[in-house]
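Q: Hi, could you walk me through this structure? I have not looked at it before.

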Amino acid sequence: MKIKLVSIPVGDQEKALEFYTSKLNFIKKIDIPVGGGNRWLTLVSKEEQDGPQLLLEPAPKDFEPSKVYQKALFDAGLPYTQFDVEDVQSEYERLVKLGVEFSVKPIEMGTAKLAVFNDTCGNYIQIVEVL
Amino acid sequence: MSLYEKEILKIKEDIYSNQWQLDTVIGLRNYIDNNFNEKLNLNLFSRIRFVSKFHLLRLFKRYYGQTPNQYLIDKRIEKAKEYISAGVSISNACYDVGFESLSSFSTLFKKKTGYSPSEYQKSNFR
């Protein structure tokens, strides 16, 4: 078995595509219509285009329990997932300039530095730099 | 303050309050990052950080979840991938990242990436 895909629930796939490509600089990899206005929509990192794909999963739009779960995580401020960056501080400053809102500003936690931002699609996302 | 922020601060206090230990393992990791192509071993690490080698091993594993040697191997393989992608020959990549034997390099490369070095080289020049 291999890890090729991880998914993240988003309320609106088009809005998520815009945020994840224009602000986070991910690249669209696969885009296939799957009915009901939903798409099999995956992204890859620009620096690792053969790496795992991120599926922008439309479950919260169609499946009530998914919406409830996503909202509960969001209300507690818990990140849905995390991405690695070279430098948390500079990425934080870059994203703030683009209007991204952070719930946790850069903070050192032992051997890591992290920060948490709102992806505007119903999730908090953590960025991490290993020190 | 969100539940998550409270948790972060609690973990920081409970788990990561020993700054000396943190400085020691972060320093060792930086040393490995900057000298991965040299001949490295636990005795050397122990001398550099002024810590007994078994204590250092335990500390590194506790904070990074890997032994220094496991981390070093991952670093070397990652660098070898970079070099091979940039057009460096397989044997040069092997020695440039600090391996001493081509056969152990090939075995480890295949184990870690799923490809032999030559398969990886071909897939990158397709």
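A: In this model, which is predicted, chain A and chain B bury about 1300 Å² between them, and carbon and sulfur atoms give 69% of that area.

Q: Which residues of chain A supply the most of what chain A buries there?

A: A:Met109, A:Thr111 and A:Leu131 do, supplying 38% of the area that chain A buries against chain B, which is more than any other three residues.

Q: And how many residues does the contact take from each chain?

A: The contact takes 16 residues from chain A, while chain B gives 15 residues.

Q: How many salt bridges and polar contacts are counted between the two chains?

A: For salt bridges the count between chain A and chain B is zero, whereas seven residue pairs are in polar contact between these chains, with both residues at pLDDT 80 or more.

Q: Which strands of chain A are on the side that touches chain B?

A: Strand S6 (102-109), strand S7 (112-118) and strand S8 (124-130) of chain A each supply at least two residues of that side, and S6(A) gives the most, with five residues.

Q: What classes of residue make up that side?

A: The side of chain A that touches chain B has 10 nonpolar residues, together with five polar and one charged.

Q: Changing topic, what does UniProt list for each chain?

A: For chain A, an unreviewed UniProt entry places the feature "domain: VOC" at residues 2-130, a span that is 29% helix and 42% strand, with its end C-alpha atoms 24 Å apart. For chain B, an unreviewed UniProt entry lists "domain: HTH araC/xylS-type" at residues 26-123, and over those residues chain B is 76% helix and 0% strand, with the end C-alpha atoms 35 Å apart.

Q: What about aromatic pairs, how many are there?

A: A search of the whole structure finds 14 aromatic pairs over all chains. One of them is A:Phe74 with A:Tyr124, whose ring centres are 4.3 Å apart and whose planes are at 0 degrees, so the pair is stacked.

Q: Where do A:Phe74 and A:Tyr124 lie in chain A?

A: A:Phe74 lies in helix H3 (residues 64-76) and A:Tyr124 in strand S8, so the pair ties together parts of chain A that are 50 residues apart in sequence.

Q: Back to salt bridges, how many does the structure hold over all chains?

A: Over all chains the structure holds 14 salt bridges, including the one that B:Arg29 forms with B:Asp33, where the closest N and O atoms are 3.7 Å apart. B:Arg29 and B:Asp33 are four residues apart in helix H2 (residues 19-35) of chain B, so about one helical turn separates them.

How values were computed. Residues numbered from 1 in each chain as written. Chains lettered and ligands numbered in written order. Predicted model: local features only at pLDDT ≥ 70, side-chain atom pairs only at ≥ 80, totals over all residues. Heavy atoms only, no water. Contact = heavy atoms within 4.5 Å. Buried area = accessible area lost by both parts, 1.4 Å probe. Salt bridge = Lys/Arg side-chain N within 4 Å of Asp/Glu carboxyl O. Polar contact = N/O pair within 3.5 Å; in protein donor to acceptor, adjacent residues only side chain to side chain. Nonpolar A, V, L, I, M, F, W, Y, C, P; charged D, E, K, R; others polar. UniProt positions renumbered as here; feature names shortened; annotations may be inferred. Phe/Tyr/Trp six-rings, centres within 6.5 Å; stacked < 30°, edge-to-face > 60°.
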